[in-house]
Amino acid sequence: MTRPTVLVLGDQLTRQVGPLANARPDEVRVLMVESRALLHGAAHHAQKLVLVLAAMRRFADALRRDGFEVAYHQHDDPASDDFASAVHDHLRRHGAGEVTLMTPNDHGVAEPIAAAAERAGGRLRQVANELWITDDALFDRWVEGRRTLRMEGFYREVRRATGILMEDGEPLGGRWNYDADNRARPDTEASPPPPPAFEPDARVREVIKEVEAGFPHRWGEARPFRWPVDREQALRALDVFCRERLRRFGDQQDAMRVGEPFLWHSTLSVPLNLGLLHPREVVDAALAHAEDGRRRIPTNAIEGFVRQVIGWREFVHHVYRTRGAAMHGANALQAHAPLPPAYWGEPTQLHCLGTTVGQLRRTGYAHHIQRLMVLGNVAQLVGVDPEQVLAWFTATHLDALDWVMVPNVLGMSQYADGGTMTSKPYAAGANYLHKMSDACAGCRFDPKAKHGEDACPLTGWYWAFIDRHQERFASNARMRMIVAAWRKRDAAERKRLLERAERDRAAFLAGEL
Ligand code: FAD
């Protein structure tokens, strides 16, 4: 009798949950595929390629050590064109049977595999994806009858359902959300201890060489490579974060500093999105650390971190699952400009953007506020086509996956969906950047100047953005006052500002600013 096969995708590298959790080596075969279509079909950051290939191969090595038979297709194997062709080939070779797969997070992955399994005389059995804290039913019940989706409401529902940070049915400490305490300016005195850098071993060094030689479309630098590629390293990254950076996660959450790529952030999206860590164990580790009386973790830090994982991460997953298909291709603000060359690392006078892109090139990582208020914000202000912004995020970030980028990039950052999950666009001018980042200090522009050659282009772009969309924003409760303030301005001043903004925009799009 043929043994059933478990297909393990590159973002499901887990034996804590799912089909491999209780499987014995003599019961199942494992199939893993480095899909050529995915790896070579679009540009990726060099470190993302190293990360995914090294983590998948490590996972297969560990399974083999434990006695599992693993059929592993490398991206240069003719049978690894995509998952479907590999499954077809595998079932034919081993006799038709069943392939078990944890439901993929990304749309469009399971259907071709199911069809290929059937063509080979077998079938695909999809089981629940257990790499989540919340199940579909919790979200689907909560969402019923709601016209707008806001993370905060779902977050509270998750807290009630799980009992996390709850006491007698009430939020611990009396407040649901301490976000107001998490907007401090950058603390330029403190030196955040960086996340552990995992020295590449021979296996990882081999992959680095392979990526440098075989992926001409890669972007960014493959070395130095520092990321966790197996469970042991991922657990260590989690532990170090809890011990060293969680305490300032709260107040410095929205801050940005040039030369400090990680600040007090966890950088755990990388192992989380591979499946090396389960979100529940991440939250439990942080809570245990905060509850230990000897460590002084402020409430705003632990609540802020927990909210990211059980709130934002879960919410975004469900928004993608239920609304993601409709978000693709949406362009509510009719933004059609091409992505400016500065995004690929061409010189720019915008110090905030130039330094963030430089950081990305070197590390493959940017923290949330850099993604939202620099990378996303500038693209939105100058009206870049949202699908181009999405493709760029795919190519430049290590933790990029469709399920998480579609809501974050198209929804939260570009407002392309017209506000499915946010009550207003995340748009800001130079004032915000000046307040929350130290980048303006090294910039040739002056964030405080309103007019003149030294005025920061972001100021003009912000008002031009408001001007372009004033009809839409005038009926938005959170944007109405800004529109009114713009309309009250002297007509000649508005004209002058808009002309300058358009001049700057044209130069920026042409790579001349
Ligand atoms: P921390 O600040 O330490 O937060 C802890 C964890 O919370 C993260 O590891 C992550 O798992 C989760 N989290 C926090 N915010 C979000 C969110 N909005 N959506 C989903 N999870 C969240 N996240 C990705 O994992 N992959 C992406 O490709 C991605 N693209 C983004 C693009 C844009 C334009 C924006 C605005 C956000 C994007 N995010 C993405 C969400 C968020 O910025 C990253 O998860 C976070 O910056 C990762 O760094 P960290 O692990 O240090 O996070």
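Me: How many disulfides does a search of the whole structure find?

Reply: The search finds zero disulfides in this predicted model. A disulfide is here a pair of cysteine sulfur atoms within 2.5 Å. Residues are numbered from 1 along each chain as its sequence is written, and side-chain values use heavy atoms, with hydrogens and water left out. Because the model is predicted, local features need pLDDT of at least 70 and side-chain atom pairs count only at pLDDT 80 or more, while totals for chains, interfaces and linings use all residues.

Me: What makes the sulfur of Cys440 too far from the closest cysteine sulfur for a bond?

Reply: The closest cysteine sulfur belongs to Cys443 and lies 6.4 Å from that of Cys440. The limit is 2.5 Å, and therefore the pair is not a disulfide. Cys456 gives a parallel case: its closest cysteine sulfur, also in Cys443, is 6.1 Å away, which is again too far for a bond.

Me: Why does Cys440 count as buried?

Reply: Cys440 has a relative accessibility of 17%, and buried means under 20% relative accessible area, with exposed over 50% and partly exposed in between (1.4 Å probe, protein chains only). Cys440 is therefore buried. Cys456, at 13%, is buried by that rule as well.

Me: Which residues line the second largest cavity?

Reply: Cys440, Cys443 and Cys456 are among them, together with others including Leu350, Phe445 and Leu458. A residue lines a cavity if it has an atom within 4 Å of one of its points. The volume of this cavity is about 90 Å³, and its lining divides into eleven nonpolar residues, one polar and no charged. In this division Ala, Val, Leu, Ile, Met, Phe, Trp, Tyr, Cys and Pro count as nonpolar, Asp, Glu, Lys and Arg as charged, and the others, Gly among them, as polar.

Me: What is called a cavity, and how many of 30 Å³ or more does the count give?

Reply: A cavity is a set of points, on a 1 Å grid over the protein atoms alone, where a 1.4 Å probe fits but cannot get out. The count comes to seven cavities of 30 Å³ or more. The largest holds about 730 Å³; a volume is the space filled by probe spheres set on the points, which are joined across faces, edges and corners. Of its 31 lining residues, Ser269, His368, Arg371, Asp399 and Asn408 are closest to the centre. The largest share of the lining, seven residues, comes from α15; helices are DSSP runs (H or I, at least four residues), and strands are runs of E, at least two, numbered from the N terminus.

Me: What makes the approach of His265 to the ligand a polar contact?

Reply: A side-chain N or O atom of His265 is 2.7 Å from an oxygen atom of the ligand. A polar contact is a pair of N or O atoms within 3.5 Å, so this pair qualifies. A backbone N or O atom of Leu268, at 3.0 Å from a ligand oxygen, also meets the limit.

Me: What is the phi of Asp168, and is the residue buried or exposed?

Reply: Phi of Asp168 is near 50°, a positive value in a residue other than glycine. Most residues other than glycine have a negative phi. Asp168 sits in the loop between β6 (166-167) and β7 (170-171). Its relative accessible area is 79%, and therefore it is exposed.

Terms used
1 Å grid on protein atoms, 1.4 Å probe; cavity = no way out; pocket = protein on both sides within 12 Å on 5 of 7 lines; lining within 4 Å. Polar contact = N/O pair within 3.5 Å; in protein donor to acceptor, adjacent residues only side chain to side chain.
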